[in-house]
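Student: I am new to this structure and should like to be guided through it by questions. May we begin with the model itself?

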Amino acid sequence: QVQLVESGGGLVQAGGSLRLSCAASGNIFSIYAMGWSRQAPGKQRELVALTGSGGSTNYTDSVKGRFTISRDNAKNTVYLQMNSLKPEDTAIYYCNAFIKGPGLLPRWYWGQGTQVTVSS
């Protein structure tokens, strides 16, 4: 059993910043990729940022230059620093991680989501 627990969402004015955190725990053998996705009302879920075990990073175009993903492998934790937030960043943000448990094939796990609301 693997759990992803997110924290750090909230309400912020446009131009402000928030930092999301997500800690993975449970029966973990290895964590490959960790990332963040978001889903705005009436829209499909989209991948926002992803980081590999070696530190590589990828971002969706709309957040490049504003968001930074990082991870602490010792703590099995991934962070998303969000700066210069815009109202269109308003969404539920989900942590996701590609994790291998002992004796199991790796698979994607998802957190419960944290609300980020950016007011204009």
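**The disulfide and its surroundings**

Student: Are Cys-22 and Cys-95 buried or exposed?

Tutor: This is a predicted model, in which local features need pLDDT of at least 70, side-chain atom pairs count only at pLDDT 80 or more, and totals for chains, interfaces and linings use all residues. Residues are numbered from 1 along each chain as its sequence is written, and side-chain values use heavy atoms, with hydrogens and water left out. Buried means under 20% relative accessible area, exposed over 50%, and partly exposed in between, with a 1.4 Å probe and protein chains only. By that rule, Cys-22 and Cys-95 are both buried.

Student: How far apart are the sulfur atoms of Cys-22 and Cys-95?

Tutor: A disulfide is a pair of cysteine sulfur atoms within 2.5 Å, and a search of the whole structure finds one. Cys-22 and Cys-95 form a disulfide, and the distance between their sulfur atoms is 2.1 Å.

Student: Which strands does the pair link?

Tutor: Strands (E, at least two residues) are DSSP runs, numbered from the N terminus. The two cysteines are 73 residues apart and link distant parts of the chain, Cys-22 being in strand 3 and Cys-95 in strand 9.

Student: Which hand does the disulfide of Cys-22 and Cys-95 have?

Tutor: The torsion about the S-S bond of Cys-22 and Cys-95 decides this, and its value is about -80°. The disulfide is therefore left-handed.

**Core and rings**

Student: Which strand gives the largest share of the largest nonpolar core?

Tutor: A nonpolar core is a set of buried Ala, Val, Leu, Ile, Met, Phe, Trp, Tyr and Cys residues joined through side-chain atoms within 4.5 Å. The largest has 28 residues, and those with the most contacts inside it include Trp-36 and Tyr-93. Among the elements giving two or more residues are strand 1 (2-7) and strand 9 (91-100). The largest share, five residues, comes from strand 9.

Student: How many aromatic pairs are there?

Tutor: Rings of Phe, Tyr and Trp (its six-membered ring) pair if their centres lie within 6.5 Å; planes under 30 degrees apart count as stacked, over 60 as edge-to-face and the rest as tilted. By this rule the count is two.

Student: What is the arrangement of the rings of Tyr-32 and Phe-98?

Tutor: Their centres are 6.1 Å apart and their planes stand at 50°. The pair of Tyr-32 and Phe-98 is therefore tilted.

Key: Helix = DSSP H or I, 4+ residues; strand = E, 2+ residues; numbered from the N terminus.
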